[in-house]
Structure formats: C-alpha cells, structure tokens
Amino acid sequence: MTDNEPPQQRVFLAPQSTHEETLVAAGSLYKALDAAGLGDIRPILDYTRDEPWVKLHRIDARQATQLEHLVRKGMDGNYTLAQELHCVLLDHGLADFPVPVVCGLDRIALGEISIHTAERLACILGAEPGPELADVPDWPESNAVYDRLNAAFKTATDGAFMDMHLHSYCRRCDGDPGIQLVAIKLDAARQFVKALRDAPRP
C-alpha cells in the first residue's frame, strides 16, 4: 500500500441490509471498479424486492473477463494455499484424496474420502495405527476411524476445526462408507498444510 492509497476497511453488515447500507455499498463498489479501470460497470440498486439488491449493469465480454481477472487476483493466496495442500497430500501418497477447491472468500472445500484413506491420513497426522480394516468397513470400524481422524487433526493443527460427516455403508444403494470433509477456513487449511509438511514421509 502506498501513502496515497486509502486504508482498507472491513464493513460488517446485518444479514438483511437497509436501503442506506446498500446504497453505500454500491457506491463503494463503483469506486473500486473505477479505480481498477472498470468504471463503465455501474452498480445499480434493485428495489423490486423487500430487501434491496445491488446489480451490475451492462457488462460485456471484455469487462466480464477483466472483472474475473480482478477477483481471481484478489484470491491468488487462496488458490495458492489450495494447490499447496494438494501437493503435500500427494507427497504423502494420498493420490485418491480429492483435489482441494477454493470455496468462497475464506474456505477450501476438501470433499469425501474413503474410510481407508481417512485411516491413512489419521496415521500421517500422528494417530497410532488401528486394526486392519475390512474391504468394506462396517459402522463400528468406520466410526472408530472417524474419531481417530478427528482427534489427530485437532492435535496436529493445534486445535483447528474441521467439520466431518460419516457416511456408513448403505446396503440399499450399495454405497461404500466414507467421510465427508466439509470446507475448512483458510487458517485451518494453513495449519493442515504445516502439519502435513512436518509429518514423516512414507
């Protein structure tokens, strides 16, 4: 930031913004677009709903491409972090782990992993190896791996939170059991990367 640039401020708005707040937000967005050379894109207010909305009026293909570039540039750190996480997972031989995906401004989506992959990840993060798993683990086995991964992740990341959901084997759909790793915040992702980098390689 140069001496001529205004300090960035974080504005926290209520879930349902007032007309005045929406007007101010639209004005701030226009100033930011204008500073980025996109002054032809004019945010306008939509009063057709109970809650006011800001719409972007008349965006051609060139402007849409410029706006996309601007947004992605602002999220470069998020994409770099997701790539770092993917690389360190591969370094540990977890090729079947889903590719982490940037999800919004402050989260990275991880996806669903098998119980066997969850067991390997738990061990990489410091958990003691559990009993040998069946080809299709039943609910008690899957739940034990779930608990061990949850505990190992928290220990290895100094208490970072990762929401997980266990999907046990379903006879009706013949679906294999798995653990859904819900999108984690960027701070937790950084701690995850650090823990994996510090863990011994196979």
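**Group meeting: a pocket, a core and an open sheet**

The second largest pocket holds about 440 Å³ of space, where a pocket is an open set of points on a 1 Å grid over the protein atoms alone, with protein on both sides within 12 Å along at least five of seven lines, and a volume is the space filled by probe spheres set on the points. This is a predicted model, in which local features need pLDDT of at least 70 and side-chain atom pairs count only at pLDDT 80 or more, while totals for chains, interfaces and linings use all residues. Residues are numbered from 1 along each chain as its sequence is written, and side-chain values use heavy atoms, with hydrogens and water left out.

The lining of this pocket, meaning residues with an atom within 4 Å of a point, includes L29, L67 and L105. Its largest share, four residues, comes from helix 2, a helix being a DSSP run of H or I with at least four residues. The lining divides into eight nonpolar residues, one polar and no charged.

Turning to the largest nonpolar core, a set of buried residues (under 20% relative accessible area, 1.4 Å probe, protein chains only) joined through side-chain atoms within 4.5 Å, we find 39 residues, with L125 and F192 among those with the most contacts inside it. Helix 6 gives the largest share of this core, seven residues.

Finally, three strands (DSSP runs of E, at least two residues) form an open antiparallel sheet in the order 3-4-8, pairing being at least two DSSP bridges between two strands. Strands 3 and 8 stand at the edges, each with a single partner strand, so one side of each is left without a neighbour in the sheet. Three bridges join strand 3 to strand 4, and V101 has A109 as its bridge partner there.

Note on methods: On a 1 Å grid over the protein atoms alone, a cavity is a set of points where a 1.4 Å probe fits but cannot get out, and a pocket is an open set with protein on both sides within 12 Å along at least five of seven lines; lining residues have an atom within 4 Å of a point. Ala, Val, Leu, Ile, Met, Phe, Trp, Tyr, Cys and Pro count as nonpolar, Asp, Glu, Lys and Arg as charged, and the others, Gly among them, as polar. Buried means under 20% relative accessible area, exposed over 50%, partly exposed in between (1.4 Å probe, protein chains only).
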